[in-house]
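Colleague: I have a new model open and would like to learn how to read it. Could you walk me through a few features?

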Amino acid sequence: DDALTSIALATQAPLLIAPAMNGKMWMHAATQTNVATLTARGAEFLGPEEGLLACGYEGIGRLWNVELIAAKAHEILL
């Protein structure tokens, strides 16, 4: 019901995902099951990293360095 999900379901291109969220959200069983399912289907995850989060907590859930995300996307496209 949104453009991103529709494109992800319709594409045959490699799927690169760089998640960022609160650590409790990342560690939730539902999230980890979804990550495992997407990984098994060929999606590649970049991160998340540990560090200071936007919510003020410190832990896992921080977005990967944007330049590294762009470099990995560029690598995949070549």
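**Contacts, charges and a hairpin**

Modeller: Gladly! This is a predicted model. Let's start with a side chain that meets the backbone: a polar atom of the His 28 side chain lies 3.0 Å from the backbone nitrogen of Ala 30.

Colleague: Where is His 28 placed?

Modeller: His 28 sits in the loop between helix H2 (23-27) and H3. With 47% relative accessibility, it counts as partly exposed.

Colleague: How should I read the length of helix H3?

Modeller: Compare an expected span with the model. The twelve residues of H3 (residues 29-40) should span 16 Å at 1.5 Å a residue, and the end C-alpha atoms are 16 Å apart, which agrees. Just after H3, Gly 42 has a positive phi of about 105 degrees.

Colleague: And salt bridges: how many are there?

Modeller: Side chains of opposite charge can pair when their charged atoms come close. Here the count is two. In one, the closest N and O atoms of Glu 44 and Lys 72 are 3.3 Å apart. Glu 44 belongs to strand S2 and Lys 72 to helix H4, so this pair ties together parts 28 residues apart in sequence.

Colleague: Which residue does Lys 72 pair with in helix H4?

Modeller: Glu 75, again with closest N and O atoms 3.3 Å apart. The two are three residues apart in H4, about one helical turn. Shared partners join Glu 44, Lys 72 and Glu 75 into one network.

Colleague: In what sense do strands S3 and S4 pair?

Modeller: Antiparallel, over four bridges. Glu 50 has Ile 60 in S4 as its bridge partner. The strands form a hairpin with five residues between them, and Gly 56 in the turn has a positive phi of about 100 degrees.

Methods:
Residues numbered from 1 in each chain as written. Predicted model: local features only at pLDDT ≥ 70, side-chain atom pairs only at ≥ 80, totals over all residues. Heavy atoms only, no water. Pairing = 2+ DSSP bridges. Expected span 1.5 Å × (residues − 1). Buried < 20%, exposed > 50% of the residue type's maximum accessible area, 1.4 Å probe, protein only. Polar contact = N/O pair within 3.5 Å; in protein donor to acceptor, adjacent residues only side chain to side chain. Salt bridge = Lys/Arg side-chain N within 4 Å of Asp/Glu carboxyl O.
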